[in-house]
Amino acid sequence: MRRPAPALRLRLPRIEKKPKRIFAERWHDFAGVTKTPALMEELFQALQSIKRGDGVPEAHYRAGIDRDRDALLEEQGIMHLHLGGRDSDILVFLIQYSDRVVLLESNTHVHFRTSPAGKNILALTQSWLGNMEQEMRAAAETARTAAVEAERQVAEARRAELAASIAAFKAKAGLE
Amino acid sequence: MARQISKRPSSTGTRNTARGPRLMPAGSVDVTQAIPRKLAASAPVAREETIEERLVAKAAAADRRDYTGQRSLGDMSREELRALLSGEA
């Protein structure tokens, strides 16, 4: 039975237009992008665009982005960018989260030909991604707890202020 | 016929006849021995960490450094980025 990828991975066809950090700790350059200065420059510019919060130029997305489905994105949460033109066979596979982008590898369309799609990418990174996503969930939970506690303290302070003003009013009016 | 008298072997051949609690010089008391047996048994004892647990903790700490302590690629220069992605860094 196929296990769905955790919901933390965004399944948007494009990179969101908001600043994101970019990581690549388990990166593999199977397509040799780093050996080709022109491709390296394209990747550098795309990453700068993500950092600024401008998303990625349309030229890096697949040609049928608004027409057909991307099995890898839908099933595993892994999207890809094209380097060297929209129809090129040089792809950068990545995962998009709300606050970051994790580059996985450069390769050809090979990962669309496996069943399920992308199983060989995940074989290399699944454990590391699992740990990272667990950390992200824990951090989100901590932030939620802190926000709830802060709200509770504000409400408590407001109640105390209200009680004090009522008491002052009663004292002034000679009710007590 | 001579009567045989059995005698306990003794290093000195003399017997210490003093009975009762032994007196110890001040400051020589071993406090760990002074703890009542029941209390010592119920006292919390640190569990020993296994080697597997240590390895898992070490790997988790390394992973945490990877995805929380690393520099974003967006903050790198062209050359730094190329070096990192090509595995030279």
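Is His111(A) buried or exposed?

1. In this predicted model, His111(A) is buried, because its relative accessible area is 4% and the cut-off for a buried residue is under 20%. The residue belongs to the loop that runs between strand E5 (100–107) and helix H3 (119–173) of chain A. Leaving aside residues up to four places away in sequence, His111(A) is in contact with Leu72(A), Phe93(A), Glu105(A), Ala117(A), Gly118(A), Asn120(A) and Ile121(A). Its side chain also makes a polar contact of 3.5 Å with the side chain of Asn107(A).

2. The loop between E5 and H3 of chain A deserves a second look, since Pro116(A) lies in it as well. The peptide bond leading from Ser115(A) to Pro116(A) is cis, with omega near 0°, and a colleague inspecting the backbone may wish to view this bond together with His111(A), which sits in that loop.

3. As to the overall make-up of chain A, there are three helices and five strands, and from the N terminus on they follow the order β-β-α-α-β-β-β-α. Of the 176 residues in chain A, 39% are buried, and the chain exposes about 9900 Å², with carbon and sulfur atoms supplying 56% of that area. When contacts in chain A between residues at least 6 apart in sequence are considered, 62% of them join residues at least 24 apart.

4. Chain B is built from four helices and zero strands, so that its pattern along the sequence reads α-α-α-α. Buried residues account for 11% of its 89 residues, while its accessible surface comes to about 8500 Å², with 56% belonging to carbon and sulfur atoms.

5. Helix H1 of chain A, residues 37–52, has 16 residues and reaches 22 Å from its first C-alpha to its last, which is close to the 22 Å expected at 1.5 Å a residue. Its buried residues are Leu39(A), Met40(A), Leu43(A), Phe44(A), Ala46(A), Leu47(A), Gln48(A), Ser49(A) and Ile50(A). The cover over these buried residues includes, from chain A, strand E1 (21–23), strand E4 (91–96) and E5, together with helix H4 (78–85) of chain B. Just after H1(A), Gly53(A) adopts a positive phi of about 95°.

6. On the other side of this pairing, H4(B) has Leu81(B), Ala83(B) and Leu85(B) as buried residues, and what covers the buried residues of H4(B) includes strand E2 (28–29) and H1 of chain A. Just after H4(B), Gly87(B) takes a positive phi of about 85°.

7. How are H1(A) and H4(B) placed relative to each other? Two packed helices are described by the angle between their axes and the distance between the axes. Here the axes of H1(A) and H4(B) come within 11 Å and cross at roughly 110°; the range of 65 to 115 degrees counts as roughly perpendicular, and the two helices are therefore roughly perpendicular to each other. The residues that meet are Met40(A), Glu41(A), Leu43(A), Phe44(A), Gln45(A) and Leu47(A) from H1(A), and Arg78(B), Leu81(B), Arg82(B) and Leu85(B) from H4(B). Among the H1(A) residues in this list, Met40(A), Leu43(A), Phe44(A) and Leu47(A) are also buried, and among those of H4(B), Leu81(B) and Leu85(B) are buried.

Conventions:
Residues are numbered from 1 along each chain as its sequence is written. Chains are lettered from A and ligands numbered from 1 in the order in which they are written. This is a predicted model: local features need pLDDT of at least 70, side-chain atom pairs count only at pLDDT 80 or more; totals for chains, interfaces and linings use all residues. Side-chain values use heavy atoms; hydrogens and water are left out. Buried means under 20% relative accessible area, exposed over 50%, partly exposed in between (1.4 Å probe, protein chains only). A polar contact is a pair of N or O atoms within 3.5 Å; within protein, one must be able to donate a hydrogen and the other to accept it, and residues adjacent in sequence count only if both atoms are side-chain atoms. Contact means heavy atoms within 4.5 Å. The expected span of a helix is 1.5 Å times one less than its number of residues. Accessible areas come from the Shrake-Rupley method with a 1.4 Å probe; for residues, only the protein chains shown count as cover. Axes are lines fitted to C-alpha atoms, for helices over the stretch in contact, and angles run from 0 to 180 degrees between N-to-C directions. Angles under 35 degrees count as roughly parallel, over 145 as roughly antiparallel, 65 to 115 as roughly perpendicular and the rest as oblique.
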